[in-house]
Every structure is written in C-alpha cells, then in structure tokens.
Amino acid sequence: MSFVMKCLGINENGNLTIGGCDLKEIAEAYGTPAYIMDEDEIRANCRIYTQSIKDHYDGKGLVLYASKALSCKYIYQIMKEEGMGVDVVSGGELYTALEAGFPNEKIYFHGNNKTVEEIAFALSKGVGRIVVDNEQELSLINQLSGESGITTKVLFRIKPGIDAHTHSFIQTGQIDSKFGVALENGEAEQIMKTAHQMPNIEVVGVHCHIGSQIFELAPFELAAEKMMNFIADMNDRYRIHIHELNLGGGFGIKYVEEDRPVNYDRYIQAVSRVVKRVAKERNIALPSILMEPGRSIVAPAGLTLYTVGTIKNIPGIRTYVSVDGGMGDNPRHIMYGSEYEAALVENPNGEKTNTVTVAGKCCESGDILIRDIKLPEIHSGDLLAVLSTGAYNYSMASNYNRIPRPPVVMIQNGLPKLAVKRETYEDLVRNDV
C-alpha cells in the first residue's frame, strides 16, 4: 500500500509505522493526540535543498528554513546541524532560535509589522539580515541602528506582481497583499533609493515570496526573471549593487493522492537557469541565492495521531467520527479548506468501505479535520493517523476550549524522542492572575 508520506510503512504486526517505529507503541508511550515527526526525513529534505545550491549555484547561496512552518528548539538544532539558515517572523521565533543556540548571523528577520521592541531585540542580538517590509520600518531601523552605533544589513521584500495559483489567503506576490512594496507602482524603486542614502543602512539584497503550496515551475521562473531585472535596473540607474537574491519558498507537497508536487531540487535548477541567463544578458554579477522552504521540509515528515471517540451516524446524511483533537491542533481545514489523507493505525490495509467525516472535539460546528474520506470500518478506541501534518499544525495550534496542546515526538533511527512536552492543565493557568 502506498501513502502520501514516504516515511510510512506497515510492520509485521500489521500496524502503521513512521520512520520504522510502530505508531500503536508510540500512542501507548506518549498518548494522543500527538504530533509525530520523522527526523531522518526532515534531515533528508534539508540535504536535497543544500545539495541543490551546491549543484546549481556552485554553493553560492544559503537555504533558510522558514520557521513559521514549525518552530521549537529541537527543530532549530536540526537546522544548525544541517548547515541551514533560518528565517523568523517574530520576536518569539527569534528568541526560540537563539535559545537553541542557532548562529545569529544565519538568521533573517521577516515580518510586515515588526514592533520597536522586536527590531531593537534583533539589532541587539546581531541577526544576519533584516528583511524590510516598508518605508516606515526602514526609518525605524535606521534610527535604532544609529542609536546603537551600528550599520544594519537589509533586504527588501518586493511584490513582483505574480498571481500564484493557490488559495487567496496564501498568495503574497501580487500587488494587493499586506506584504512588501510593489514593482509595478514604483514603490520598490523608491524605497531602494531612500535606503541607499541612509547612514545606518547597508542594502545587500532583495526578497520575494509569491505564495504557498505551488505545484508549477513557471511562477518561480517568472519571479526570478523580474527580480533579476530589477536588480540590474538598480545597478544601472543608481549604482546600487545587490549581492543577495532571496526567492522565498512556497514549494508544494503531497497532502492527498491528487497532488502532484515537483521534486524540490527541480525548483532550484529551473530558477538557476533564469538567474544565470539574466545576469549574463544584463551584465551583472551573479547574486548569492537564498531560498526559504518550510512546509516542504517538515510537512511530509509529520502526522498527527488521534484516538477515535464518538461515532455518530445520521442515516442518509453523514457519519461523523470524532477524535480527541481537532481545530485546536490543526486549524487548516477551517481556515483554508485544506484536505488531508488519513489511515487507521491497526488496519491501514483494510478495505475502504465507509465514507466518514473526521470531526474534532471543539465546541464549533466547523471543527472538521477531513470531510467525506473513505476508511475501513472504524470503531471507538481506534487510533487514526492524519497524514502530512508536520507544517502549520503545531505552529498554529491554540488552547481553544482550554484544551492543552499535544506533544511533538521525533523519530530518529527508529527510536522516539520527545521534542516538545504535552501541555498540562497547570500550563493552561500558569499566566492567569
């Protein structure tokens, strides 16, 4: 039987495994719900990207893990060991990375509304780069840098005017987006000119991100062409020399059987041809290339393990299978209508004879994880694994209905290790006064 996650298997007991570890045994040891991650798969995905930079840019670049996909100390330790950089989008992500011992010079700080406190914190810790979103922020960084007696290296987030074929909530490259400054209305050129004259700012690069869960090469190639021509224009018009081109992330992964993601290294290979061609045509130096994969590194390596509770059959309408988690640990369906595959842990090969809707336990009618999925016969007490949940599940989890957040368990070399502890009821009231 094939699964949407390649790190899954079935052992001699007929149970579903991840990274060679029996999910029934994991449930017995750590309880449910729980996020289970294959660390070896995460590391393998990192190496695909880092090797692609070596192969297609002669090593002149850096792969930045997009922290928002999954942020915890353990994941930053993995990224450090794999030679990755990271991007962070809040003071909290930055603090976590630093607490994990991640090198500050390989941290890129993003965000469309960084607070004064966050910028000051980033400057005090010597982060490698700040990715500037707007002129107001630029002025603040210049001011705070001057007060600290430092020069800050910055990139600018540019909207290249590309409408990626993805959910409207995760399209970020078009002009109508809260992120960055646009090419087509002159904002990008103006902010570059302004920054070039500032005493405490060093312009080193430009950045774009066109969206998420993209299955095509063409949007990335078009973005690369537009950004390279913008770099050349800034050099020709103002002698602003751009050394770094950050082309973001957004590479699609396989959530359901119908998804057809491109092999990750093909993105970098395709874009490299465009970058090199435009550099030659416009007579500019080849910039250092940055990429920001997040979802594609951790999502295919993770699943969420649940225990089935109430099963409610409404004749002629629907059968609801409720689990001991829900929108609190995975809000993506209620937010985006995201689709998932699932499998029974103790009968993964069973004939899929029942169509059910997997519901959560939160007090919301919309608390649905999977709508109308075909599964084998299912009973209360069964273990259910919802697949490809390694990204934007733990990181977007909440305590809605005062439900504690699940633990994160990493599997390495077939053995489980706790990365994040399960929250307790005591944790829920810790900050109450």
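Is Arg239 buried or exposed? Select Arg239 and look: at 52% relative accessibility, this residue counts as exposed. Buried means under 20% relative accessible area, exposed means over 50%, and partly exposed is in between (1.4 Å probe, protein chains only).

Before moving on, know what is on screen. This is a predicted model, where local features need pLDDT of at least 70, side-chain atom pairs count only at pLDDT 80 or more, and totals for chains, interfaces and linings use all residues. Residues are numbered from 1 along each chain as its sequence is written, and side-chain values use heavy atoms, with hydrogens and water left out.

**The whole chain**

Zoom out. The chain has twelve helices and 21 strands. Helices (H or I, at least four residues) and strands (E, at least two) are DSSP runs, numbered from the N terminus. The C-alpha atoms fill a box of roughly 70 × 50 × 40 Å along the principal axes. The radius of gyration is 23 Å, which agrees with the value near 22 Å for a compact globule of 433 residues. That radius is taken over C-alpha atoms, and the globule rule is 2.2 Å times the number of residues to the power 0.38.

Of the 433 residues, 56% count as buried. Now think about contacts, meaning heavy atoms within 4.5 Å. Among contacts with a separation of 6 or more, 70% come from residues 24 or more positions apart.

**Two positive phi angles**

Go back to Arg239. Find this residue in the loop between helix 8 and strand 12. Its phi is near 55°, a positive value in a residue other than glycine.

Next, select Asn413. Here too phi is near 55°, positive in a residue other than glycine. Asn413 is in the loop between strand 20 and strand 21 (415-420). Asn413 is exposed, with a relative accessible area of 63%.

**A cis bond**

Select Thr32 and Pro33. A cis peptide bond joins them, with omega about -5°. Pro33 is in the loop between helix 1 (23-30) and strand 4.

**Aromatic pairs**

How many aromatic pairs does a search of the whole structure find? The search finds eight. Rings of Phe, Tyr and Trp (its six-membered ring) pair if their centres lie within 6.5 Å; planes under 30 degrees apart count as stacked, over 60 as edge-to-face and the rest as tilted.

Show Tyr35 and Tyr394. This pair is edge-to-face, 6.0 Å centre to centre, with 80° between the planes. Tyr35 lies in strand 4 (residues 34-38) and Tyr394 in the loop between strand 19 (383-387) and strand 20 (408-412), so the pair ties together parts 359 residues apart in sequence. Tyr35 is buried, at 2% relative accessible area. Tyr394 is partly exposed, at 22%.

Now show Phe220 and Phe251. Their pair is tilted, with 5.2 Å centre to centre and 40° between the planes. Phe220 lies in helix 8 (residues 218-238) and Phe251 in the loop between strand 12 (244-246) and helix 9 (264-282), so the pair ties together parts 31 residues apart in sequence. Both residues, Phe220 and Phe251, are buried. Add Tyr49, Tyr264 and Tyr267 to the selection: ring pairs link these three with Phe220 and Phe251 into a cluster.

**Charges over rings**

Last stop. A charge sits over a ring if NZ of Lys or CZ of Arg is within 6 Å of the ring centre and within 35 degrees of the ring normal. Select Lys114 and Phe109: Lys114 lies over the face of Phe109, 5.8 Å from the ring centre. Then select Arg157 and Phe179: Arg157 lies over the face of Phe179, at 4.3 Å from the ring centre.
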